[in-house]
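Here is a friendly walk through one protein model, from its surface to its interior. Please keep the sequence and the 3D view open as you read.

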Amino acid sequence: MRSLAPGIKLITSFSRDSWYRFFILLLTFVFYTTYHLSRKPISIVKSQLHRNCSNVIHPADLNITDNDTWCDWAPFDQNNYRNLFGVLDNCFLVAYAIGMFFSGIFGERLPLRYYLSSGMILSGIFTALFGLGFYWQIHSLWYYCLVQALNGLVQTTGWPAVVACVGNWFGKGKRGLIMGVWNSHTSVGNILGSLIAGVYVSSAWGLSFIVPGIIIAVAGVICFLFLVESKSHLRLEGNVLLYACGLNEEIFSANTSTAVETVEDHTEAISFCGALRIPGVVEFSLCLLFAKLVSYTFLYWLPLYIANVAHFDPKEAGDLSTLFDVGGIVDKQNKLKKNFFFFFVCISSSALFEPAGMLLWCGALVNGPYALITTAVSADLGTHECLRGNSRALSTVTAIIDGTGSIGAAVGPLLAGLISPTGWNNVFYMLIAADVLACLVRLKADVSCPGHVILYGASCYNTTNF
């Protein structure tokens, strides 16, 4: 008796709905990977924009008037180049933080497929424009600041949209584990962005931005062609297609309007103030602020730190910095009660960061709580029981939490730019202080539910459950 091949049996064992879930999970993973891929080049290129020119062999036909800065890219050839890098980072991050609070509101009211695809295409354009400054020989700080600010605004389309899509397709039961693994897209994007930028940084740093810009723009086109926002949209569009083909006409008899109405969500989108009143939103927003301050300081300054302290060239520094993100992939936990341990050990890890081997360890501990708050916690809070079934709060809640965290993401690199001239050790003291504050705010989140219970995700459970 003949039997089906094992591979075919495996494929057919999954339902149609399971395949759609996997497809959406894969698509959103790729989409947000490209977002982080396009953010990473600036940290790699910094060490190329300002170098130690005494160690660089200059062309024979170049008339050198200043041996200290002849190889640097103006306006970053001045002694205050670290402050200028901090300004450049903040043009992106401040715009991102401000835009994020509005992005969730738009995400609840606009089709996610259009919103996400247009944001990715615009992000690709602005990322490429930064790189084109190399070929157009632009040396104006205002140009690069403007491009960074506009890029920061359009990149706010990404996170609320992808979290809302995943939240629509997956229930609370498996959300912690699924989103914990899925959230590795941030680290994967950072690694790919570092490697791609490192290929071109020493020869033509403009391509370090142009190539990632093209990649995210192409992903935006794919998003427009293939993304399905929720199961209800799939059922509705499937019924319309059947009707257009003349199939199952009985489905669209007198009960057509009723059938369509059952898959539509008529609840009103939640207001900004209403989202803030959801238990846990404020506490976890502040916790993410300090966690993201630490994470983004490493994201934007780690390659330059390695290049300055270990005297690596820009490509080697960029490649070595990916170990921090590799550690972030390894540590994707789904138990929020471990956050205390994460933050506590990360305090000591920041103080002992000098050995290169601490890159993996510190990357895991920094990205663990950060990943949980931005994924599983945001999704649970956005579907809190107090909403009484209103599913249109997910994008707004996600935007509030990530927007508050983005304030920390803006402050961290700015402080690093101001403090680093006094010594890199002082930068790590600042990061330790941020970790301590994150622990304190996390403690406040644990006691925010009344009756001696701790907040796990968005629901209150008795402490005996743990």
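## Surface and cover

A residue counts as buried under 20% relative accessible area, as exposed over 50%, and as partly exposed in between. Tyrosine 114 has a relative accessible area of 44%, so this residue is partly exposed. Please bear in mind that the model you are looking at is predicted.

## A nonpolar patch

Tyrosine 114 lies in helix H5, and its side chain is part of a nonpolar surface patch of about 1000 Å². Its partners in the patch are Phe23, Ile121, Leu122, Ile125, Ile214, Val218, Val221, Ile222, Phe224, Leu225 and Phe226.

Which helices each supply at least two residues of this patch? They are H5, spanning 112-135, and H10, spanning 207-226. Helix H10 gives the largest share, with seven residues. One patch member, Phe224, also has a charged neighbour: the charged end of arginine 113 sits over the ring of phenylalanine 224, 4.9 Å from its centre.

## Annotated transmembrane regions

The unreviewed UniProt entry carries the annotation "transmembrane region" for residues 20-38, 84-107, 114-135, 141-170, 182-201, 207-228 and 340-361. Two of these spans are worth following in the model.

Residues 84-107 are 100% helix and 0% strand, with the end C-alpha atoms 33 Å apart. For residues 141-170 the figures are 87% helix and 0% strand, and here the end C-alpha atoms lie 45 Å apart.

## Aromatic contacts

How many aromatic pairs does a search of the whole structure find? The search finds 22. Tyrosine 143 and tyrosine 144 form an edge-to-face pair, with 5.2 Å from centre to centre and 80 degrees between the planes. Both of these tyrosines are buried.

The two tyrosines also belong to one aromatic cluster, which brings in Trp73, Phe76, Tyr81, Phe85, Phe130, Phe134, Tyr135, Trp205 and Phe209 as well.

## Lysine 46 and its partners

The whole structure yields one salt bridge in the search. In this salt bridge the side chains of lysine 46 and aspartate 89 meet, at 2.6 Å from N to O. Lysine 46 is in helix H3 (residues 41-49) and aspartate 89 is in helix H4 (residues 81-109), so the contact ties together parts that are 43 residues apart in sequence.

Are lysine 46 and aspartate 89 buried or exposed? Both are buried. Lysine 46 has an aromatic partner too: it lies over the face of tryptophan 301, at 4.2 Å from the ring centre.

## Two valines with distant sequence partners

Valine 162 lies in helix H7, residues 158-169. With 0% relative accessibility, valine 162 counts as buried. Its C-alpha atom is separated by 9.2 Å from that of leucine 25, although the two residues are 137 residues apart along the chain.

Valine 441 is found in helix H19, residues 424-446. Why does valine 441 count as buried? Its relative accessibility is 15%, and the limit for buried is under 20%. The C-alpha atoms of valine 441 and valine 282 are separated by 9.8 Å, and these residues are 159 residues apart along the chain.

Definitions and conventions: Residues numbered from 1 in each chain as written. Predicted model: local features only at pLDDT ≥ 70, side-chain atom pairs only at ≥ 80, totals over all residues. Heavy atoms only, no water. Patch = residues over 30% accessible without salt bridge, like charges linked within 9 Å, V, L, I, M, F, W, Y side chains within 5 Å. Areas by Shrake-Rupley, 256 points an atom, 1.4 Å probe, with all protein chains shown as cover. Salt bridge = Lys/Arg side-chain N within 4 Å of Asp/Glu carboxyl O. Helix = DSSP H or I, 4+ residues; strand = E, 2+ residues; numbered from the N terminus. Buried < 20%, exposed > 50% of the residue type's maximum accessible area, 1.4 Å probe, protein only. Phe/Tyr/Trp six-rings, centres within 6.5 Å; stacked < 30°, edge-to-face > 60°. Lys NZ or Arg CZ within 6 Å of the ring centre and 35° of its normal. UniProt positions renumbered as here; feature names shortened; annotations may be inferred.
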